[in-house]
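Q: Got a minute to go through this one with me? I'd like to talk side chains.

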Amino acid sequence: MQPELPVATSDDDVVRAAVGGDRKAFETLYRKHSDRVYGAILRLAAFDHARAEDLTQEAFIRAWQKLEGFRFESAFGTWVYRLAVNVALMSIRARNADPVSIVDDEHLPDIADLDNPVRAVERDELEKAIAALPPRARAVLVLYDVEGWKHEEIALELGMAVGSSKAQLHRARGLLRRALGDKP
């Protein structure tokens, strides 16, 4: 039987226990960080809850597999979050041969047909509009506007030029405005 972890242990202590094979320690890390990871992946996965759950699980499986390589140079939460975003982005790349394809106006969601008669700024409609964005534009929008990444980080992570990241963000915002009924 493995020893109980003290209540006030730091992530570093818990990570060290998990590296030593303590599955309960890793479960502690999962419980502490899974909500933030899931939230980021959910937005990147176009609000597909089942896919986000699968990708979250995959991210934590990868974290468990790579835990011995964790160098304590950053917080565990930062490390696992970056790993999870990479898992989601790899999934986006794998599912879309041309992730930068243009969306015609006819393929944008028709906000007037939605069951929710409340104004377009409601969360449900915003989520649907973000989900309808092309994958790469959605990824840039989520990473920049929601997660607070810099264009240089996004460009590096998505394998594009910094200018392309900025252009994708501009494009995503324009498509969102149009989908939500605002005039450019």
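What follows is a quick chat about side-chain pairs in this predicted model.

Q: Start with charges. How many salt bridges are there?
A: The count comes to 10 salt bridges.

Q: Which residue does Lys 32 meet in a salt bridge?
A: Asp 11, with N to O at 3.1 Å.

Q: Which helices do those two lie in?
A: Lys 32 lies in helix 2 and Asp 11 in helix 1, which spans residues 11-19. The pair therefore ties together parts that are 21 residues apart in sequence.

Q: And Lys 32, buried or exposed?
A: Lys 32 is exposed, with a relative accessible area of 54%. Asp 11 is buried, at 14%.

Q: What about Glu 27, what does its side chain meet?
A: Arg 31, in a salt bridge of 2.8 Å, N to O. Both residues lie in helix 2. They are 4 residues apart, about one turn of the helix.

Q: How accessible is each of them?
A: Glu 27 is partly exposed at 33% relative accessible area. Arg 31 is exposed, at 59%.

Q: Arg 43 next. What is its salt-bridge partner?
A: Glu 147, at 2.4 Å, N to O. Arg 43 lies in helix 2, while Glu 147 is in the loop between helix 6 (135-146) and helix 7 (151-158), so the pair ties together parts 104 residues apart in sequence.

Q: Is Glu 147 buried or exposed?
A: Buried, at 19% relative accessibility. The cut-off for buried is under 20%. Arg 43 is partly exposed, with 23%.

Q: Which residues do shared salt-bridge partners join into one network?
A: Arg 82, Glu 153 and Glu 157.

Q: Arg 82 again: which ring does its charged end sit over?
A: The ring of Trp 149, 4.0 Å from its centre. Arg 36 also lies over a ring face, that of Tyr 81, at 4.0 Å from the ring centre.

Q: On to ring pairs. How many aromatic pairs turn up?
A: A search of the whole structure finds 8. One of them is Phe 26 with Trp 64. Their ring centres are 5.0 Å apart and their planes are at 65 degrees, so this pair is edge-to-face.

Q: Which parts of the chain does that pair tie together?
A: Phe 26 is in helix 2 (residues 23-44) and Trp 64 in helix 3 (residues 49-66), so the pair links parts 38 residues apart in sequence. Phe 26 is buried, at 10% relative accessible area. Trp 64 is partly exposed, at 30%.

Q: How are Phe 70 and Phe 72 arranged?
A: Edge-to-face, because their planes are at 65 degrees, with ring centres 4.7 Å apart. Phe 70 is buried, with 5% relative accessible area. Phe 72 is partly exposed, at 30%.

Q: Which residues do ring pairs link into a cluster?
A: Phe 26, Tyr 30, Phe 60 and Trp 64.

Q: New topic, Ser 91. Where does it lie?
A: In helix 4, residues 76-95. Ser 91 is buried, at 12% relative accessibility.

Q: What does Ser 91 contact, leaving aside neighbours within four places in sequence?
A: Arg 51 and Leu 55. The side chains of Ser 91 and Arg 51 are joined by a polar contact of 3.0 Å.

Q: Last one, Asp 35. Buried or exposed?
A: Exposed, with a relative accessible area of 64%. Asp 35 lies in helix 2. Its C-alpha is 9.2 Å from that of Thr 56, and the two residues are 21 apart along the chain.

Terms used
Residues numbered from 1 in each chain as written. Predicted model: local features only at pLDDT ≥ 70, side-chain atom pairs only at ≥ 80, totals over all residues. Heavy atoms only, no water. Buried < 20%, exposed > 50% of the residue type's maximum accessible area, 1.4 Å probe, protein only. Polar contact = N/O pair within 3.5 Å; in protein donor to acceptor, adjacent residues only side chain to side chain. Contact = heavy atoms within 4.5 Å. Phe/Tyr/Trp six-rings, centres within 6.5 Å; stacked < 30°, edge-to-face > 60°. Lys NZ or Arg CZ within 6 Å of the ring centre and 35° of its normal. Salt bridge = Lys/Arg side-chain N within 4 Å of Asp/Glu carboxyl O.
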